[in-house]
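Biologist: I should like to go through this structure with you, one question at a time. Please give your reasoning before each result.

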Amino acid sequence: DLAIALETALLYKVPGASWFDVMVASSLQALCTAHCQWAVVECGLGGRLDSTNVLNAKLCALTTVELEHTEVLGDTVEKIATEKAAIASNNGI
């Protein structure tokens, strides 16, 4: 149950965890509890710094790369694309 997973995640109050980190953790806990074998998970910030990086994804897709989150990802499309590409796992597609 997602409500129980979220409540559990909020109880731990991990230092430095963002709202998105807590939501990802609680959502993944709910998926595990439901014995889900596959899930479509959208990244937040994207790439190397994204909390969804804990997943060992078999398939990743980048749709568009735009000048967004430039204070964290970089100030050019090339830098942002490099950061976002880091979401792909070594054994994925």
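Biologist: Where is the place of W38, and is W38 buried or exposed?

Modeller: The model is a predicted one. W38 sits in the loop between α2 and α3. The cut-off for the exposed class is over 50% relative accessible area. Because W38 has a relative accessibility of 68%, W38 counts as exposed.

Biologist: How many Å apart in space are W38 and K58, C-alpha to C-alpha?

Modeller: In sequence, W38 and K58 are 20 residues apart. In space, their C-alpha to C-alpha separation is 9.8 Å.

Biologist: V41 is also in the loop between α2 and α3. Which residues make a nonpolar surface patch with V41?

Modeller: V41 has a relative accessibility of 35% and therefore counts as partly exposed. The nonpolar surface patch to which V41 contributes has an area of about 240 Å². The other residues that make this patch are V54 and L55.

Biologist: Turning to helix α2, what span in Å should its 15 residues have, and what separates its end C-alpha atoms?

Modeller: Helix α2 comprises residues 19–33. At 1.5 Å a residue, the 15 residues of α2 should span 21 Å. The expected span agrees with the separation of the end C-alpha atoms of α2, which is 21 Å.

Biologist: Which residue that follows α2 has a positive phi, and near what value?

Modeller: The residue in question comes after α2 and is H35. The phi of H35 is positive, near 55°.

Biologist: Which residues of α2 are buried, and how does M23 in the same helix count?

Modeller: The buried residues of α2 are V22, V24, S26, L28 and A30. M23 is found in helix α2 as well. Because its relative accessible area is 24%, and buried means under 20%, M23 is partly exposed.

Biologist: What is the C-alpha to C-alpha distance in space between M23 and S51?

Modeller: M23 and S51 are 28 residues apart in sequence. Their distance in space, C-alpha to C-alpha, is 9.7 Å.

Biologist: In helix α4, which residues are buried, and why are they on the same side?

Modeller: Helix α4 runs over residues 77–85, and its buried residues are I80, E83 and K84. These residues are on the same side of α4 because they cover an arc of only 95° around the axis. On the other side of α4, the exposed residues are E78 and T82.

Biologist: Against which helix do the buried residues of α4 pack?

Modeller: The packing partner is made up of residues 70–73. The buried residues of α4 pack against α3.

Biologist: Why does E83 count as buried, and which residues does E83 touch?

Modeller: E83 lies in helix α4. Buried means under 20% relative accessible area, and E83 counts as buried because its relative accessibility is 15%. Not counting residues up to four places away in sequence, E83 touches G46, G47, R48, L49 and L73.

Biologist: For the protein chain as a whole, how many helices and strands are there, and what percentage of the residues count as buried?

Modeller: The protein chain has four helices and zero strands, and the order of its elements from the N terminus on is α-α-α-α. Its accessible surface comes to about 6900 Å², of which 61% belongs to carbon and sulfur atoms. Of the 93 residues, the portion that counts as buried is 20%.

Biologist: Among contacts between residues at least 6 apart in sequence, what percentage join residues at least 24 apart?

Modeller: The contacts considered are those in the protein chain between residues at least 6 apart in sequence. Among them, the percentage that join residues at least 24 apart is 55%.

Conventions. Residues numbered from 1 in each chain as written. Predicted model: local features only at pLDDT ≥ 70, side-chain atom pairs only at ≥ 80, totals over all residues. Heavy atoms only, no water. Buried < 20%, exposed > 50% of the residue type's maximum accessible area, 1.4 Å probe, protein only. Helix = DSSP H or I, 4+ residues; strand = E, 2+ residues; numbered from the N terminus. Arc of directions from axis to C-beta. Contact = heavy atoms within 4.5 Å. Patch = residues over 30% accessible without salt bridge, like charges linked within 9 Å, V, L, I, M, F, W, Y side chains within 5 Å. Areas by Shrake-Rupley, 256 points an atom, 1.4 Å probe, with all protein chains shown as cover. Salt bridge = Lys/Arg side-chain N within 4 Å of Asp/Glu carboxyl O. Expected span 1.5 Å × (residues − 1).
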